[in-house]
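Visitor: Please take me through the ligand site of this protein. I would like a close look at what surrounds the ligand and at the parts behind that shell.

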Amino acid sequence: MKLDVEKATHREIYNLLIGLVAPRPIALVTSMDEDGCLNAAPFSAYNYLCTDPPVVGIGVGNRDSDGLVAKDTARNIRRTGEFVVNVVTEDLAEQMNTCATDFPAGVSELEMAGLETAESAVVKVPRIARAHAALECREHTTLEIGRSRIILGRVVAFYVEDRYIDPAGPYVRADELHAIGRMNGLGNYVRTRDAFLNIPRIPYEEWEKGKR
Ligand SMILES: Cc1cc2nc3c(=O)[nH]c(=O)nc-3n(C[C@H](O)[C@H](O)[C@H](O)COP(=O)(O)O)c2cc1C
């Protein structure tokens with residue numbers, strides 16, 4: 001199949017992008033409006049972008065209902081400048097999915113998902129208590145591109161349960177954390193349990209030796 005983007009529909013482009021840029025990590029983002037009302041929603045247009053300073057990026061599409069309107073997450077971040085990325089692991093998958101439901105205004109996704117929160121170390125927005133790891137962020141910049149907002153968040157604090165940290169690095173014990181990834185939509189995800197390939201980097205000297 002070949003698809004000319006100029007002639008394609010938004011849905012076709014979306015389907016191909018999410019199917020081909022996969023698996024994707026999932027950020028379950030907690031954010032707060034100016035009255036302290038909490039919000040939680042998952043985003044898989046998400047990754048870390050640089051480390052000095054540490055910055056993550058999240059792509060939030062505007063909602064198409066009577067014109068394009070910002071999703072609550074994007075609106076909250078614009079207003080309060082803070083959010084928390086809660087890492088989505090196997091044991092949070094169902095709750096994460098509940099948080100993506102478009103509940104009527106005034107209904108708390110966290111309550112519907114049965115999730116409690118815990119105080120963050122630096123930002124006012126709390127993290128999800130059951131999440132094994134979280135990144136506390138302050139808005140660095142928000143780019144408005146077409147019908148989306150790309151939110152760049154500067155990470156100001158990390159939270160990781162001690163059991164998932166190998167102090168030697170410190171490294172994240174990723175083979176025990178069991179993060180999940182999003183695939184091509186259609187409710188498809190991947191587990192990372194028992195799924196690791198270990199492919200060490202090859203120093204050039206070793207590469208040269210191996211050639212002879
Ligand atoms: C696994 C998963 C990943 C998602 N990723 C995105 C995304 O990257 N961008 C986006 O705009 N919506 C994404 N969504 C949809 C939002 O989570 C959904 O629109 C949510 O209701 C937004 O909530 P809010 O208005 O409280 O911010 C995703 C949904 C799921 C289940």
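Guide: The tour starts with the whole chain, moves to the ligand, and then follows the elements around the ligand. Keep in mind that this is a predicted model.

First, the setting. The protein has 212 residues, and 34% of them count as buried. Its secondary structure comes to six helices and 16 strands. Along the principal axes, the C-alpha atoms fill a box of roughly 65 × 50 × 30 Å. The accessible surface is about 13400 Å², and carbon and sulfur atoms hold 51% of that. Among contacts with a separation of 6 or more, 57% link residues 24 or more positions apart.

Now the ligand. Its shell contains 19 residues. The closest are Pro 42, Ala 45, Gly 61, Arg 63 and Thr 73. By type, the shell divides into eight nonpolar, six polar and five charged residues.

Three polar pairs deserve a look. Asn 39 places a polar side-chain atom 2.9 Å from an oxygen atom of the ligand. Gly 59 works through its backbone: a polar atom there is 3.0 Å from a nitrogen atom of the ligand. Gly 61 also offers a polar backbone atom, 2.8 Å from an oxygen atom of the ligand. As for cover, the ligand on its own has 640 Å² of accessible area, and the protein covers 88% of it.

Which elements build the shell? Four of them supply at least two residues each: strand S3 (38-43), strand S5 (54-61), helix H2 (72-80) and helix H3 (93-99). S3 gives the largest share, with four residues.

Follow S3 to its partner. S3 runs antiparallel to S2, and six bridges join the two strands. One of the pairings sets Val 29 against Ala 41 in S3. The hairpin of S2 and S3 has five residues between the strands. In that hairpin, Gly 36 takes a positive phi near 85°.

S2 itself spans residues 27-32. All six of its residues are buried, so the strand is largely enclosed by the rest of the structure. The cover reaches both faces. Ala 27, Val 29 and Ser 31 are buried on one side. Leu 28, Thr 30 and Met 32 are buried on the other.

S2 has another antiparallel neighbour. Four bridges join it to strand S8, residues 82-87. Here Leu 28 stands opposite Asn 86 in S8. So S2 pairs with S3 and with S8, because at least two bridges are what it takes for two strands to count as paired.

Return to the shell and pick out helix H2, which supplies at least two of its residues. Ala 74 sits in this helix. Is Ala 74 buried or exposed? Its relative accessibility is 2%, and buried means under 20%, so Ala 74 counts as buried. Leaving aside residues up to four places away in sequence, Ala 74 touches Val 60, Arg 149 and Ile 151. Ala 74 and Glu 139 are 65 residues apart in sequence, yet their C-alpha atoms are 10 Å apart in space.

To put the site together: S3 gives four residues to the shell and is joined to S2 by six bridges. S2, in turn, is buried on both faces. Helix H2 contributes to the shell as well, and Ala 74 of that helix is in touch with Val 60, Arg 149 and Ile 151.

Key. Residues are numbered from 1 along each chain as its sequence is written. This is a predicted model: local features need pLDDT of at least 70, side-chain atom pairs count only at pLDDT 80 or more; totals for chains, interfaces and linings use all residues. Side-chain values use heavy atoms; hydrogens and water are left out. A residue is near a molecule or strand if one of its heavy atoms lies within 4 Å of it. A polar contact is a pair of N or O atoms within 3.5 Å; within protein, one must be able to donate a hydrogen and the other to accept it, and residues adjacent in sequence count only if both atoms are side-chain atoms. Accessible areas come from the Shrake-Rupley method with a 1.4 Å probe; for residues, only the protein chains shown count as cover. Ala, Val, Leu, Ile, Met, Phe, Trp, Tyr, Cys and Pro count as nonpolar, Asp, Glu, Lys and Arg as charged, and the others, Gly among them, as polar. Buried means under 20% relative accessible area, exposed over 50%, partly exposed in between (1.4 Å probe, protein chains only). Contact means heavy atoms within 4.5 Å.
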